[in-house]
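Q: Please take a close look at one part of this model. How is it built, and what lies around it?

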Amino acid sequence: MSLPEACVILSVIVLLLTSSKEAASFQSGSRSILRALSGENKALVDYAVDLNSTNFDSVLHDTPATHAIVEFFANWCPACRNYKPHYEKVARLFNGPDAVHPGIVLMTRVDCALKINNKLCDKFSEKSEILVIDDGRTAERLVSWINKHLGSSYGLDDEKFENEHLHSNISDPGQIARAVYDVEEATAIAFEIIIEHKMIKQHTRVSLIKFLQLLAVHHPSKRCRKGSAEVLVNFDDLCPPDMWSPDKQEVLSNGKGMLGNFQVCGKEVPRGYWMFCRGSKNDTRGFSCGLWALLHSLSVRIEDGESQFAFRSVCDFIHNFFMCEDCRQHFYQMCSSVTVPFNTSRDFALWLWSTHNKVNERLMKKEASLGTGDPKFPKGEGSSWG
């Protein structure tokens with residue numbers, strides 16, 4: 001690859017990270033780089049991540065994104081400098097903690113004019129298996145190319161999804177917005193786990209329906225409320241009572257209307273890019289934190305008359321559908337210890353916080369003995385989620 005050509009050749013590298021379940025386990029690596037991209041003056045921010053021969057492999061391996069785009073350019077090339085604003089317009093959509101569509105595409109660049117990158121640029125100029133973007137010379141064309149290959153509909157004017165109107169007395173609206181993103185992802189992952197592990201049985205159907213009823217009215221995300229309501233309306237078609245019987249397996253795998261093909265929070269829910277629930281280690285926080293955030297948000301959105309229904313729905317959902325056997329048995333024991341019905345939503349919310357603290361206390365002891373805790377988010381009363 002000659003240097004004048006490098007500024008206009010964009011290569012797409014499809015990572016091994018493809019499924020949402022795998023994506024949830026990759027939460028570090030390039031995040032320190034991505035955090036550094038944001039600033040108060042967004043006009044001066046470079047959203048694309050600069051790669052070189054020393055960090056190229058590690059950043060692409062550890063990114064939570066499922067795809068990466070690499071721009072090979074030369075810093076002395078006028079065409080490259082003119083192209084940079086176009087590339088940054090697209091990078092704004094996908095990169096950084098304030099990304100509009102996080103966890104999907106990592107936008108990066110390599111300066112082939114630097115001596116340190118000579119071998120790296122030469123190596124990729126000879127690779128025939130990479131996918132070259134030959135029509136991405138403007139931001140509009142690059143987004144169009146991405147949409148074509150990902151089956152998406154992103155636009156340069158897209159803004160971060162707003163779930164709810166936030167009152168002026170909210171101290172940190174940005175943190176709440178990040179938490180709602182994680183609640184959406186945790187909801188989507190929870191239902192993917194249920195389907196993947198065939199957890200919907202004759203005796204668990206009712207508990208799933210009740211939890212969906214709770215989500216359809218009180219989920220903090222509009223698109224998750226809408227999706228939950230759609231599942232409820234079509235539940236018998238999407239999830240027939242004998243859906244896991246042997247004679248239904250072929251229909252289940254091929255039927256377009258089955259619950260396994262239904263995305264409860266929509267098609268573009270973030271994947272693997274935890275914001276509020278991002279841990280400092282790959283295997284901490286994430287999904288469990290997002291699930292707790294979902295439960296707490298439900299507890300403060302219900303009316304007093306729904307408190308007992310919400311309590312039973314949450315307890316039965318965890319008991320029937322949470323993957324960790326030890327965890328769900330411990331949680332259900334705490335549920336069973338409640339002998340007096342809840343009369344107010346406040347009582348249920350306080351019970352849930354107390355229960356969360358007990359779970360944290362129990363896990364804190366185990367993590368201390370095994371060394372598996374997150375040092376930046378130590379568990380304790382009200383100190384850490386997940």
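A: Helices here are DSSP runs (H or I, at least four residues), numbered from the N terminus. The model is predicted, so local features need pLDDT of at least 70 and side-chain atom pairs pLDDT 80 or more, while totals for chains, interfaces and linings use all residues. Residues are numbered from 1 along each chain as its sequence is written, and side-chain values use heavy atoms, without hydrogens or water.

The part chosen is α16, a helix of 26 residues covering 345–370. From first C-alpha to last, α16 reaches 37 Å, close to the expected 38 Å (1.5 Å times one less than the number of residues). Gly371 follows α16 and has a positive phi, near 70 degrees.

Several residues of α16 are buried (under 20% relative accessible area, 1.4 Å probe, protein chains only). Among them are the apolar Phe348, Ala349, Trp351, Leu352 and Val359; the list also includes Ser345, Thr355, His356, Asn357, Asn360, Arg362 and Glu367. Their cover includes α13 (287–299), α14 (307–321) and α15 (325–336).

Phe348 and Trp351 also belong to a cluster linked by ring pairs, together with Trp292, Phe311, Phe331 and Phe342 (Phe, Tyr or six-membered Trp rings with centres within 6.5 Å; planes under 30 degrees apart are stacked, over 60 edge-to-face, the rest tilted). The whole structure holds 14 aromatic pairs. One pair is Tyr83 and Tyr87, with ring centres 6.1 Å apart and planes at 40 degrees, so it is tilted. Both tyrosines lie in helix α5, 4 residues apart, about one turn of the helix. Tyr83 is buried at 7% relative accessibility, and Tyr87 is buried at 0%.

Methods: Helix = DSSP H or I, 4+ residues; strand = E, 2+ residues; numbered from the N terminus. Buried < 20%, exposed > 50% of the residue type's maximum accessible area, 1.4 Å probe, protein only. Contact = heavy atoms within 4.5 Å.
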